[in-house]
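Student: I would like a close look at one part of this structure, and then a guided path from there to other parts. Please explain each step as you go.

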Amino acid sequence: MGAALVRAGHRDEAVEVFDRAVELLGHITDPHVRAQLEESAIAGLVAAGRHDRAFEVADGAAAGVLRKPWAALIGALVAIGRHDLAVEPFRSAVDRMEWHDAVKAMSGGRIDPECHDRALASTHHIPEHHLRNEVTAELAAAAAGSGLLDRAVSTARSITEPHARSRALAAVAEALTDAGLPDQATAVLGEAVASGQADGEVHRYGPALAAVTDALVGAGRHDRATALLTGASVTAEGIGAPVQRVEALAVVAGALVRAGRRDQAVTVADRAAALAGDITDFSSYDRAAEAAVRALVGVDLHDRAASTARTVTDPGRRAQAWVVVVRAAVRAGFPGRVARALDGVESALDHAAEADRQQSVPRFRRRDHVAATVVETFAAAGRPGRAVEVAGSVTDPAVRDRTWAAVVTALTGAGLHDQVTKVIGTIEDANLLTRAWLAVAGTRSHDEALRALRSAEAVAGTATEVHDRVDALTAVARALADRGRRDEAARVLGRVAAEVGSITGVHRRARALGTAAEALVRAGDREGAVPLLVSALRTGHWLDALPGLCAVSVGTAADLFVEYDALMRPPPPAPANPVTT
């Protein structure tokens, strides 16, 4: 509610609301709710311009597992661009040992050298080794984002755990790239890659490798880019674990393509595929082969990629590999290759079906899960009819509707509205079907959209659970209101109001009441929203009803808040019995 007052320009009234919320903290025993209210009040006071009051609230709050008041204050100040004001709370957070949350909050803004040095010194008091390294990595990223590049590099280098150190160095390398320092970025990224070699994590730094490569190429430093990638290739070759070695080489191959070194990329991709072929353990081979397929596709070796995908033994991973091949062929505009790759997808479906038949006691329908993976690919490749057939073959109820929803999404994205209408009737789950009709409405012209919304309403009313029914009908009402059909939205919300009281869980009921009230306001019925909000407040969980409270007028919200305050006050003590003699 206070946030709504701020948006409406009523800052003084908002401060009063937040102050009352802080006063009510003492009555709230649920630690989750109390922490949420506390952090919301701090953020709201900052948005209202009362930074001093927000500081007082944070200072008076006791930090705990669920409550990070200083981190909340820092995040709110950073969000409005007041990095200068975030410095002092950052120091307080360090003193209170809210290291991790404070550093993460500050990483979105800027820290000065004193803050950085103070925070770095405080990390030595973190007893747990892994957490200490993680916090230091976050601090290195914050320093890099603040332009403290020398400190960022030294902080990242101080991390003792290889994984955290290489991740931090990669982040610093990207910052150096953004700062127009490709040579320094290259050196730091080289350290990141070398550090990642220790735990086989080189393949995780593809984005940083790509960024630095692009910067070097853009600056005309092709020789430097080549040297960097050659070194990365050598480092990848030195990784002991075969699977991680293949994955790292696949990343290097992709970066070489970006650098225009296609011949060298082909050599590295071919090497990755060869190494994958030497792996004898089926599970490890499948993972490595999938990476090799990505590398081969990246250098346009489509036939070799298809041959590798064909050898993957696990049906699910085989399907994923073929999906990569199909999408690459579609992008390249080769219909023949698309057709052959789709045959590979079909083989993965058959392989999964055979695996299902060999189970003595069926426990996991592999084909159904593979079908859910590939239906969108069929649609994207211009085979919507086959996508529909595959979805229709799914028998597991837990997967079937999700698969149909994927088909609807793919067909809607392709503009195949007629086929969407045919497919949508095959979805049985009322919640998924309602969402599907809402998605269709969002892509149609006015009259067609209204027909889709009326279909969504009809389906929503069939949901078995009352809370599902209420949620679905409320979503339909919101969509109708957004389309300007306020009378129809109010009618649907009348159905919601008649059923929402039957929801058993108080949190869920309060949330449903608040959401329905907000939808009524959208439909132009503020007065109708008030009884729903009164019911929500009487559950004792006003935070769950915030959407509705934020939507009503300032005066109404204030009156409702007073009512909530009265409800939360402890009852007066009963009068003592008079003593008789």
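Tutor: Let us begin with Arg 485, which is partly exposed, with a relative accessible area of 30%. Please keep in mind that the model is predicted. The side chain of Arg 485 meets that of Glu 488 in a salt bridge, with 2.9 Å from N to O. Glu 488 itself is buried, because its relative accessible area of 13% falls under the 20% limit for that class. Elsewhere, salt bridges with shared partners bring Glu 346, Arg 386 and Glu 389 together in one network. Arg 386 has a further partner of another kind, for this residue lies over the face of Phe 378, at 5.9 Å from the ring centre.

In total, the structure holds 13 salt bridges, and two more of them deserve attention. One joins Arg 478 to Glu 518, with the closest N and O atoms 2.5 Å apart. This pair links distant parts of the chain: Arg 478 belongs to helix H27 (residues 466-482) and Glu 518 to helix H29 (residues 506-522), and they are 40 residues apart. Arg 478 is partly exposed, at 27% relative accessible area, whereas Glu 518 is buried, at 13%.

The other example is local. Arg 357 and Glu 354 form a salt bridge with an N to O distance of 2.7 Å. Both residues lie in helix H20 (residues 335-357), and they are three residues apart, about one turn of the helix. An α-helix has 3.6 residues a turn, so residues three or four places apart point the same way. Glu 354 is partly exposed, with a relative accessible area of 33%; Arg 357 is exposed, because its value of 59% is over the 50% limit.

A charge over a ring occurs again at Phe 334, where Arg 337 lies over the face, at 4.5 Å from the ring centre. Pairs between aromatic rings are another matter, since a search of the whole structure finds zero of them.

We may now turn to the backbone. Asp 300 sits in the loop between helix H17 (282-298) and helix H18 (302-310). Its phi is near 65°, a positive value in a residue other than glycine. Most residues other than glycine have a negative phi. Asp 300 is partly exposed, with a relative accessible area of 48%.

The helices on either side of that loop, H17 and H18, lead us to helix H16, for they are among the elements that cover its buried residues. Helix H14 (222-237) and helix H15 (242-258) are also included in that cover. The buried residues of H16 are Ala 265, Val 266, Val 268, Ala 269, Ala 272, Ala 273, Leu 275 and Ala 276. How far apart are the end C-alpha atoms of H16? They are 22 Å apart, which agrees with the 22 Å that its 16 residues (262-277) should span at 1.5 Å a residue.

A last buried position is Thr 136, in helix H9 (residues 129-145). Thr 136 counts as buried because its relative accessibility is 6%. Apart from neighbours within four places in sequence, Thr 136 is in contact with Leu 120, Thr 123, Thr 155, Ser 158 and Ile 159.

Note on methods: Residues are numbered from 1 along each chain as its sequence is written. This is a predicted model: local features need pLDDT of at least 70, side-chain atom pairs count only at pLDDT 80 or more; totals for chains, interfaces and linings use all residues. Side-chain values use heavy atoms; hydrogens and water are left out. Rings of Phe, Tyr and Trp (its six-membered ring) pair if their centres lie within 6.5 Å; planes under 30 degrees apart count as stacked, over 60 as edge-to-face and the rest as tilted. A charge sits over a ring if NZ of Lys or CZ of Arg is within 6 Å of the ring centre and within 35 degrees of the ring normal. Helices (H or I, at least four residues) and strands (E, at least two) are DSSP runs, numbered from the N terminus. Buried means under 20% relative accessible area, exposed over 50%, partly exposed in between (1.4 Å probe, protein chains only). Contact means heavy atoms within 4.5 Å. A salt bridge is a side-chain nitrogen of Lys or Arg within 4 Å of a carboxyl oxygen of Asp or Glu. The expected span of a helix is 1.5 Å times one less than its number of residues.
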